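Trainee: I would like to go through this model with you, one question at a time. Where do we start?

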Amino acid sequence: ACALVRAPPPRNAVRCQPDGSCFSAHLANSSYADARSACGRRQGSLAWVSGEPELRLLLALLADAAPGSAPSLFWVGLRKNPSACTDQGRPLRGFSWEGSGDGAAPREVPAALGRWAKEPVRSCVTTRCAGLHLATASGGGPGWGWKE
């Protein structure tokens, strides 16, 4: 899931916010580094979420991009540096958002957005990456959570 600086050509794998920033979904079986490079080639960065409106927009985009009941993991710009320890008392568990080209990425998310599909491995010495995990919830809507 890429956060783009400007709107790409119209297609159904893109959602834009009123301020002109856009999210795009690209389906590929790739590593975090490959996903980050692919977003960079599109003049964007891996997506970040700073509030519930952005989360709803991103969830709708990803549900449309990968319909069905199979769980899916989408890389976003959520990463834990080797010097940070996993902290289960924080919403992002010691992870933080990678910055965009203009440094606008938030450092934290509201506690309400701190839902983890699976708790990350406890670590203080390795770089770890997390994505947005989607699965169909029991009520039929998309269930979500961060997943390492």
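Mentor: We start with terms. Helices (H or I, at least four residues) and strands (E, at least two) are DSSP runs, numbered from the N terminus. This is a predicted model, where local features need pLDDT of at least 70 and side-chain atom pairs count only at pLDDT 80 or more, while totals for chains, interfaces and linings use all residues. Residues are numbered from 1 along each chain as its sequence is written, and side-chain values use heavy atoms, with hydrogens and water left out.

Trainee: Which pattern does the chain follow along the sequence?

Mentor: Count the elements first: the chain has 2 helices and 8 strands. Now put them in sequence order. The pattern reads β-β-β-α-β-α-β-β-β-β.

Trainee: What percentage of the chain's residues count as buried?

Mentor: Buried means under 20% relative accessible area, exposed over 50%, and partly exposed in between (1.4 Å probe, protein chains only). The chain has 148 residues. The buried share is 42%.

Trainee: Of the contacts between residues at least 6 apart in sequence, what percentage join residues at least 24 apart?

Mentor: Contact means heavy atoms within 4.5 Å. Take the contacts in the chain between residues at least 6 apart in sequence. Those joining residues at least 24 apart make up 62%.

Trainee: Which element gives the largest share of the largest nonpolar core?

Mentor: Such a core is a set of buried Ala, Val, Leu, Ile, Met, Phe, Trp, Tyr and Cys residues joined through side-chain atoms within 4.5 Å. This one has 25 residues, and Leu 58, Val 76, Leu 78, Trp 97, Leu 132 and Trp 146 touch the most other members. Two or more residues each come from helix 2, strand 5, strand 7 and strand 8. The largest share, 7 residues, comes from helix 2.

Trainee: How many residues are in the other core that lies apart from it?

Mentor: Its members include Ala 35, Cys 39, Leu 46 and Cys 129. The count for this core is 5 residues.

Trainee: Trp 97 and Trp 146 form an aromatic pair; is it stacked, tilted or edge-to-face?

Mentor: Rings of Phe, Tyr and Trp (its six-membered ring) pair if their centres lie within 6.5 Å; planes under 30 degrees apart count as stacked, over 60 as edge-to-face and the rest as tilted. The structure has 4 aromatic pairs. Here the centres are 5.5 Å apart and the planes lie at 75°, so the pair is edge-to-face.

Trainee: How far apart in sequence are the parts that this pair ties together?

Mentor: Both rings are buried: Trp 97 has a relative accessible area of 1%, and Trp 146 has 0%. Trp 97 lies in strand 6 and Trp 146 in strand 8, so the parts tied together are separated in sequence by 49 residues.

Trainee: Which residues do ring pairs link into a cluster?

Mentor: Add a second edge-to-face pair, Trp 144 with Trp 146, at 5.6 Å centre to centre and 75° between the planes. Trp 144 counts as buried, at 11% relative accessibility. The cluster is Trp 97, Trp 144 and Trp 146.

Trainee: Now charges. Asp 64 forms a salt bridge with which residue?

Mentor: A salt bridge is a side-chain nitrogen of Lys or Arg within 4 Å of a carboxyl oxygen of Asp or Glu. The whole structure has 4 of them. For Asp 64, the closest N and O atoms are 2.2 Å apart, and the partner is Arg 15.

Trainee: Where does Arg 15 lie?

Mentor: Asp 64 lies in helix 2, and the pair ties together parts 49 residues apart in sequence. The other end, Arg 15, sits in strand 2 (residues 14-16).

Trainee: Is Arg 93, the partner of Glu 119, buried or exposed?

Mentor: The two side chains meet at 2.8 Å, N to O. Glu 119 is partly exposed, at 36%. At 11% relative accessibility, Arg 93 counts as buried.

Trainee: What is the closest N to O distance between Arg 128 and Glu 148?

Mentor: Arg 128 lies in strand 7 and Glu 148 in the segment after strand 8 (142-147), so parts 20 residues apart in sequence are tied together. Arg 128 is partly exposed at 26%, and Glu 148 is partly exposed at 24%. Their salt bridge has its closest N and O atoms apart by 2.7 Å.

Trainee: Which side chain of opposite charge is nearest to Glu 54?

Mentor: Lys and Arg count as positive and Asp and Glu as negative; His and the chain ends are not counted. Glu 54, in helix 2 (residues 52-65), is buried yet has no salt bridge. Leaving aside neighbours within four places in sequence, Glu 54 is in contact with Gln 17, Phe 23, Trp 48 and Val 49. The nearest side chain of opposite charge is 11 Å away: Arg 56.
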